[in-house]
Amino acid sequence: MSERGLFITFEGIEGVGKSTNMQTAADLLGAEGIDFIVTREPGGTPLAEEIRQLLLSPREEPVHELTELLMMFAARAQHLHTLILPALARGVWVLCDRFTDATYAYQGGGRGVSLDRIAELERFVQGEVRPDHTFFLDAPIEIGLRRAGRRGQPDRFETETHQFFERVRDVYRQRAEADPARYHRVDASGALDTVQAALREILHPLARRWCGGRV
């Protein structure tokens with residue numbers, strides 16, 4: 001019987017290199033012979049991707065923060081129960097670009113939604129499911145937004161204010177400090193090869209230990 005796969009998430013503000021570093025992680029797992037999938041939030045399944053488009057598309061109508069919050073968890077429920085949990089049960093690792101930590105950071109820190117309300121929805125949708133490890137790619141707001149600005153047309157979140165992203169980053173940092181066993185903070189402000197080396201240094205022992213524990 002296969003051991004349950006590991007659930008690995010990548011978090012951080014815009015422009016910190018989550019997609020690039022997830023590919024670094026994917027390359028390492030492939031070299032170790034570990035089966036994995038790469039996915040993202042919001043999104044990951046056809047229905048959840050449709051919700052993603054609704055969430056990210058700029059629009060004239062103001063989006064209430066509770067509407068945004070419930071849509072995030074609606075997409076997450078679909079993603080978790082139709083893709084993530086079945087993969088983990090098969091012994092497949094899941095590499096996910098953002099998960100519920102992003103909701104605490106963006107809807108909680110950025111929008112000012114009660115963290116208790118987010119926690120209530122987290123328990124309702126996820127039960128006891130949490131990521132096994134979270135890579136928090138951290139960089140100053142100026143660096144992240146400057147990098148993100150080179151990618152083209154901004155989405156609805158990328159047009160937010162500097163102060164919004166400061167609040168987002170603050171919540172990420174608070175959560176990382178509160179749960180050092182799960183969070184791995186990686187300084188994402190420097191050169192890409194330095195960031196990738198730091199990521200590999202953390203991930204490689206996890207992969208080797210998991211491979212060594214398989215029956």
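A residue counts as buried here when its relative accessible area is under 20%, and on that basis 49% of the 215 residues of the chain are buried. The model open in your viewer is a predicted one, and the tour below moves from the whole chain to single residues.

**The whole chain**

Begin with the complete chain in a cartoon view, where eight helices and five strands can be picked out. Read from the N terminus on, these elements follow the order β-α-β-α-α-β-α-α-β-α-α-β-α. The radius of gyration is 17 Å, close to the 17 Å that the globule rule gives for 215 residues, so the chain is as compact as a globular protein of that length. If you turn the C-alpha trace along its principal axes, the spans are about 55 × 40 × 30 Å. Among the contacts with a separation of 6 or more, 81% are made by residues 24 or more positions apart.

**The nonpolar cores**

Next, select F10, W93, L95, Y106 and Y172, which have the most contacts inside the largest nonpolar core, a set of 52 residues. Helix α8, residues 192–213, gives the most to this core, with seven residues. Apart from the largest core lies another one, of 10 residues, which includes L80, A87, L88 and C96. As a general background to such sets, nonpolar side chains in soluble globular proteins tend to be buried together.

Now keep Y172 selected and display what surrounds it. Leaving out residues up to four places away in sequence, Y172 touches E11, G12, I13, R98, D101, A102, A105, Y106, F136 and Y183.

**Helix α4 and the turn into it**

Two of those partners, D101 and A102, are also on the list of buried residues of helix α4, and this helix, residues 100–110, is the next thing to select. Because 11 of its 11 residues are buried, α4 is largely enclosed by the rest of the structure. The buried residues run through T100, D101, A102, T103, Y104, A105, Y106, Q107, G108, G109 and G110. To see what encloses them, add β1 (7–11), α3 (65–89), α5 (115–126), β4 (133–138), α7 (162–178) and β5 (183–187), against which the buried residues of α4 pack. Just after the helix, G112 takes a positive phi of about 85 degrees.

On the other side of α4, go to R98, which is placed in the loop between β3 and α4. R98 is not a glycine, yet its phi is positive, at about 75 degrees. With a relative accessible area of 15%, R98 is buried.

From R98, step back to D97, which belongs to strand β3, residues 93–97. D97 has a relative accessible area of 14% and is likewise buried. Beyond residues up to four places away in sequence, D97 touches F10, K18, S19, M22, T39, R40 and E41.

**The cavity**

Which residues should be selected to show the lining of the largest cavity? They are F99, T100, D101, Y104, E122, R130, P131, R175 and R182. The structure holds one cavity of 30 Å³ or more, and about 40 Å³ of space lies in the largest cavity. Helix α4 supplies the largest share of this lining, three residues. By type, the lining divides into three nonpolar, one polar and five charged residues.

**P42 and L56**

Move then to the peptide bond from E41 to P42, which is cis, with omega near -15 degrees. P42 is placed in the loop between β2 (36–40) and α2. From here, select L56 in helix α2, residues 46–56, and draw a C-alpha to C-alpha distance to P42: the two are 14 residues apart in sequence and 9.3 Å apart in space. L56 counts as buried, at 15% relative accessibility.

**T24 in helix α1**

For the last stop, centre the view on T24, which lies in helix α1, residues 18–31. Is T24 buried or exposed? At 6% relative accessibility, T24 counts as buried. With neighbours within four places in sequence left aside, T24 is in contact with Q196, L199 and R200. Showing helix α8, residues 192–213, alongside brings the view back to the element that gives the most to the largest nonpolar core.

Technical notes:
Residues are numbered from 1 along each chain as its sequence is written. This is a predicted model: local features need pLDDT of at least 70, side-chain atom pairs count only at pLDDT 80 or more; totals for chains, interfaces and linings use all residues. Side-chain values use heavy atoms; hydrogens and water are left out. On a 1 Å grid over the protein atoms alone, a cavity is a set of points where a 1.4 Å probe fits but cannot get out, and a pocket is an open set with protein on both sides within 12 Å along at least five of seven lines; lining residues have an atom within 4 Å of a point. Grid points are joined across faces, edges and corners, and a volume is the space filled by probe spheres set on the points. Helices (H or I, at least four residues) and strands (E, at least two) are DSSP runs, numbered from the N terminus. Ala, Val, Leu, Ile, Met, Phe, Trp, Tyr, Cys and Pro count as nonpolar, Asp, Glu, Lys and Arg as charged, and the others, Gly among them, as polar. A nonpolar core is a set of buried Ala, Val, Leu, Ile, Met, Phe, Trp, Tyr and Cys residues joined through side-chain atoms within 4.5 Å. Buried means under 20% relative accessible area, exposed over 50%, partly exposed in between (1.4 Å probe, protein chains only). Contact means heavy atoms within 4.5 Å. The radius of gyration is taken over C-alpha atoms; the globule rule is 2.2 Å times the number of residues to the power 0.38.
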